[in-house]
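Work through the exercises below with the sequence and the structure in view. Try each task before reading its solution.

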Amino acid sequence: MALANPVARHYGSGGIAERVLAALRETKGPDAALTPENLAPFDHFHGRGVVATEELAASLNPRPGERLLDIGSGIGGPARWFAAKFGVHVTGVDLTPEFCAAAEALNATTGLSDCVTIIEGSALALPVPDAAFDAAYSQNVIMNIADKQLFYREAFRPLRPGGRLALSNLCAGPAGEPYFPVPWATTRDTSFLATPEEMRADLVAAGFEILSFRDTTEAIREAQRRSGERFAKGDMPRIAVDIIMGERSREMQINSGRSIEDGRGIAIEALVRKPG
Ligand SMILES: C[S@@+](CC[C@H](N)C(=O)[O-])C[C@H]1O[C@@H](n2cnc3c(N)ncnc32)[C@H](O)[C@@H]1O
């Protein structure tokens, strides 16, 4: 049997959709409506959760009927949220088979299978045609990518001329590598942080025009401080990272918070455009 990709091995586990639905019922009651909004605390797997997705959406400004590509779509929370909120069709591509299975199950549960298509595949060889999308986004995926130039070239290819790409990424900080394990990697073997300057240069080399490039580290720090206070009081609500990563999530979140606090990570949100 072929060995799973080490990134997929870090993320994957069985029963994710069931755990997400159980968390929804525990938190909002047995009859909670199965909507992307109600599921959002449990299926947006990145720092600051749905708040970060809302900010990304505000910069991407999707219009009804547009075709969006989600690169590294995880268990599909952001894709369902975009489809329901903006009336767009989202194609999500992700490497981790268990995440794709959970995304498909949650698409069906929320009645969104017609608006969200999930394809198991690599961001480095996107299984989608050229120039097929009006816009694309990728949240907290680039940290797992060693060949960043190839990632940006592949993100460029399926956009139509004038198409926008919104990115959330954690870049390398001046104080050295993160403390492991972190939510995106168990060890340094699958964590690849570029500096903000390298990210900018790679985007330009791939052909993108940069429309905005923001350092959002302080917002992440603030959110992590609030989580740390809740951890200390013992009343941390369960969020996507806890449900998806299980027992390892507490140590991962503490390490992620310390890494950002100590200057070992810089959060960047960028909006770029394919000329044309
Ligand atoms: C931290 S999760 C973020 C998931 C999702 N973007 C979200 O915000 O909810 C990182 C995701 O990137 C995916 N990923 C990492 N490397 C990838 C690659 N080379 N191709 C496709 N997906 C990848 C992982 O499988 C995982 O789902």
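**Exercise 1: the ligand shell**

By class, the ligand's shell consists of nine nonpolar, 11 polar and one charged residues. The model is predicted.

Task: Find which residues are closest to the ligand, and describe the polar contacts of Phe45, Asp94 and Gln139 with the ligand.

Solution. Step 1: The ligand is surrounded by 21 residues, and the closest are His46, Gly72, Asp94, Thr96 and Ala123.
Step 2: A polar contact needs N or O atoms within 3.5 Å. A polar backbone atom of Phe45 is 2.8 Å from an oxygen atom of the ligand. In the side chain of Asp94, an N or O atom is 2.6 Å from a ligand oxygen atom. A nitrogen atom of the ligand lies 3.0 Å from a backbone N or O atom of Gln139.
Step 3: On its own the ligand has 590 Å² of accessible area, and the protein covers 97% of this.

**Exercise 2: aromatic pairs**

Task: Classify the pair of Trp81 and Phe82, and state whether each residue is buried or exposed.

Solution. Step 1: The structure has nine aromatic pairs.
Step 2: The ring centres of Trp81 and Phe82 are 5.6 Å apart and the planes are at 85°, so this pair is edge-to-face.
Step 3: Buried means under 20% relative accessible area. Trp81 has 6%, so Trp81 is buried. Phe82 has 0% and therefore is buried.
Step 4: Trp81 and Phe82 form one aromatic cluster with Phe86 and Tyr137.

**Exercise 3: charges over rings**

Task: Which rings have the charged end of Arg200 or Arg258 over them?

Solution. Step 1: Arg200 has its charged end over the ring of Phe213, 4.5 Å from the ring's centre.
Step 2: Arg258 lies over the face of Tyr179, 3.9 Å from the ring centre.

Terms used
Residues numbered from 1 in each chain as written. Predicted model: local features only at pLDDT ≥ 70, side-chain atom pairs only at ≥ 80, totals over all residues. Heavy atoms only, no water. Near = heavy atom within 4 Å. Polar contact = N/O pair within 3.5 Å; in protein donor to acceptor, adjacent residues only side chain to side chain. Areas by Shrake-Rupley, 256 points an atom, 1.4 Å probe, with all protein chains shown as cover. Nonpolar A, V, L, I, M, F, W, Y, C, P; charged D, E, K, R; others polar. Phe/Tyr/Trp six-rings, centres within 6.5 Å; stacked < 30°, edge-to-face > 60°. Buried < 20%, exposed > 50% of the residue type's maximum accessible area, 1.4 Å probe, protein only. Lys NZ or Arg CZ within 6 Å of the ring centre and 35° of its normal.
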